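Here is a short briefing on one protein. The sequence and structure come first, then the notes by topic.

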Amino acid sequence: MKFAAKVSDVPDWGKKLVQVEGQSILLVKSKGVLYACERECPHQGAPMEGALLKEAGSISCPRHGYRFDLASGACKDHPEFTLRVYPVEVRGDDIYVGLG
Ligand code: FES
């Protein structure tokens with residue numbers, strides 16, 4: 001697991017784009033739960049830092065609105081597309097991400 005950011009750096013219902021080992025990782029806090037996912041939408045590469053957080057546990061791409069589950073990366077309406085997600089661990093005020 002690699003250090004990504006402080007918990008206090010990510011507002012609830014908000015996002016923070018970080019670099020972890022040279023990779024752009026988007027941290028998301030949805031209803032108090034932290035998630036980490038890739039920056040680019042798997043559909044056509046829109047930057048997910050502009051995504052909308054409308055529902056707990058999911059993220060909607062800003063370009064065409066595909067909605068991805070933040071835990072699994074699955075897109076119910078378009079199952080051929082999966083957002084890459086990463087395991088997150090919180091230790092005190094520190095967020096760690098597993099890049100595998
Ligand atoms: S680029 Fe994200 S839904 Fe099309």
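Which residue in β9 is the bridge partner of Lys2? The partner is Val97. This is a predicted model, in which local features need pLDDT of at least 70, side-chain atom pairs count only at pLDDT 80 or more, and totals for chains, interfaces and linings use all residues. Residues are numbered from 1 along each chain as its sequence is written.

**Overall fold**
- The protein has nine strands and zero helices. Both are DSSP runs numbered from the N terminus: strands are E runs of at least two residues, helices H or I runs of at least four.
- Along the sequence, the pattern reads β-β-β-β-β-β-β-β-β.
- The radius of gyration is 12 Å, which agrees with the value near 13 Å for a compact globule of 100 residues. That radius is taken over C-alpha atoms, and the globule rule is 2.2 Å times the number of residues to the power 0.38.
- Along the principal axes, the C-alpha atoms fill a box of roughly 35 × 25 × 20 Å.
- Of contacts between residues at least 6 apart in sequence, 38% join residues at least 24 apart. A contact means C-beta atoms, placed from the backbone, within 7 Å.

**Three-stranded sheet**
- One open sheet has three strands in the order β1-β9-β8, with antiparallel pairing. Two strands pair if DSSP finds at least two bridges between them.
- β1 and β8 (88-91) are the edge strands, and each pairs on one side only.
- The twist averages 30° from one strand to the next. Axes are lines fitted to C-alpha atoms, and angles run from 0 to 180 degrees between N-to-C directions.
- β1 and β9 are joined by four bridges in the antiparallel sense.
- β8 and β9 also run antiparallel, with four bridges.
- Glu89 has Tyr96 of β9 as its bridge partner. Val90 is matched with Ile95, and Arg91 stands opposite Asp94.
- A hairpin links β8 and β9 with two residues between them. Gly92, in the turn, has a positive phi of about 65°.

**Burial and core**
- Buried residues make up 30% of the 100 residues. Buried means 20 or more other C-beta atoms within 10 Å of the residue's own, with C-beta atoms placed from the backbone.
- The largest nonpolar core has 26 residues. Such a core is a set of buried Ala, Val, Leu, Ile, Met, Phe, Trp, Tyr and Cys residues joined through C-beta atoms within 7 Å.
- Ala4, Ile25, Leu27, Ala36, Cys37 and Val97 have the most contacts inside this core.
- β1 (2-6), β3 (23-30), β4 (33-38), β7 (85-86) and β9 (94-97) each supply at least two core residues. The largest share, four residues, comes from β3.
- Ile25 is in contact with Ala4, Val18, Val20, Ala36, Tyr86 and Val97, leaving aside neighbours within four places in sequence.
- β9 has a covered face, Ile95 and Val97, and an uncovered one, Asp94 and Tyr96. In a regular strand the side chains alternate between the two faces of the sheet.

Notes
Buried ≥ 20, exposed ≤ 12 C-beta atoms within 10 Å, placed from the backbone. Contact = placed C-beta atoms within 7 Å.
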